Amino acid sequence: MRRSKIVTSEAALVEYLPGDVTEPIDLRQLFPAAAPLEVDLGCGDGSFIAALAASHPERNYLGIERLVGRVRTACRKIAAQRLSNARVIRMDIAHAAACLIPPASVEVCHVMFPDPWPKRRHHVRRTVTPEFLRAINRILVAGGLLRLTTDDAPYFEGMQAAAAAVPELVPVGNENASLPRSTFEERFVGSGLPIHRLVLRNVPPPR
Ligand SMILES: C[S@@+](CC[C@H](N)C(=O)[O-])C[C@H]1O[C@@H](n2cnc3c(N)ncnc32)[C@H](O)[C@@H]1O
């Protein structure tokens with residue numbers, strides 16, 4: 001009982017509450033040390049960034065998630081492992097990419113199993129659009145990566161079409177990827193569903 005109370009109060013410190021949601025955040029306020037930054041957009045229960053942060057203490061990890069219950073779960077997971085290199089912000093991911101995350105600050109962006117919105121009339125609610133990809137391109141460092149993962153084949157086609165409209169992001173192979181499974185990936189792989197991956201690299205325009 002006592003132990004879970006301690007984790008709960010530490011978990012509250014994992015969530016970062018920006019003072020002004022219209023301005024880029026100061027990353028020095030989030031992490032004890034400057035380090036390459038990875039962002040998990042729609043981080044769900046935080047399993048993926050907690051696993052990455054535990055295995056890469058030399059890097060910093062930021063999760064963005066809009067559901068309060070999932071933010072709490074993610075913060076508890078990070079606090080339970082005493083990871084000072086992982087933080088979570090409760091926010092809409094499109095807004096975070098467009099306004100909150102500083103330009104040219106992210107080495108790797110992960111978007112794992114974004115909601116597929118399978119009905120045609122709901123496609124407008126999908127996260128991955130050319131506008132979203134341009135916002136991601138803005139926050140990536142030169143040569144930074146965006147990793148998109150989905151189980152939904154039609155959405156995957158939509159992701160490829162959106163990427164084709166943003167020439168600054170160039171598809172690259174998925175080589176050298178040794179990543180933990182997210183909760184949804186575990187679930188889909190367990191059900192035998194194929195997983196589709198699109199990796200895009202930010203290529204700065206020639207001078
Ligand atoms: C299918 S779940 C995948 C969670 C996690 N990435 C994983 O792979 O286990 C999608 C997550 O994205 C979050 N999400 C969807 N749209 C969002 C938005 N616009 N802003 C923030 N979070 C969002 C949902 O609340 C949910 O937790």
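Around the ligand in this predicted model stand 15 residues. Gly42, Glu65, Arg70, Asp92 and Ser182 come nearest. By class, this shell divides into 6 nonpolar, 4 polar and 5 charged residues.

Next, the backbone contacts. Ile93 places a backbone N or O atom 2.9 Å from a nitrogen atom of the ligand. A polar backbone atom of Met112 is likewise 2.9 Å from a ligand nitrogen. For Phe184, the partner is an oxygen atom of the ligand, 3.0 Å from a polar backbone atom of that residue. How much of the ligand does the protein bury? Taken alone, the ligand exposes 590 Å², and the protein buries 93% of that area.

Now to the site itself. The ligand sits in the largest pocket. The volume of this pocket is about 620 Å³. Its lining counts 28 residues. Gly42, Glu65, Phe113, Pro114 and Asp115 lie nearest the pocket centre. Gly42 and Glu65 are also among the residues that come nearest the ligand.

Which helices and strands supply at least two residues each to the lining? The strands are β1 (37-41) and β4 (106-112). The helices are α2 (47-55), α4 (93-100) and α7 (183-190). Three of the backbone contacts can be placed on these elements. Ile93 opens α4 (93-100), Met112 closes β4 (106-112), and Phe184 falls within α7 (183-190).

The lining of the largest pocket is mixed in class: 13 residues are nonpolar, 7 polar and 8 charged.

Key:
Residues numbered from 1 in each chain as written. Predicted model: local features only at pLDDT ≥ 70, side-chain atom pairs only at ≥ 80, totals over all residues. Heavy atoms only, no water. Near = heavy atom within 4 Å. Polar contact = N/O pair within 3.5 Å; in protein donor to acceptor, adjacent residues only side chain to side chain. Areas by Shrake-Rupley, 256 points an atom, 1.4 Å probe, with all protein chains shown as cover. 1 Å grid on protein atoms, 1.4 Å probe; cavity = no way out; pocket = protein on both sides within 12 Å on 5 of 7 lines; lining within 4 Å. Sits in = over half its atoms within 2 Å of the grid points. Nonpolar A, V, L, I, M, F, W, Y, C, P; charged D, E, K, R; others polar. Points joined across faces, edges and corners; volume = space filled by probe spheres on them. Helix = DSSP H or I, 4+ residues; strand = E, 2+ residues; numbered from the N terminus.
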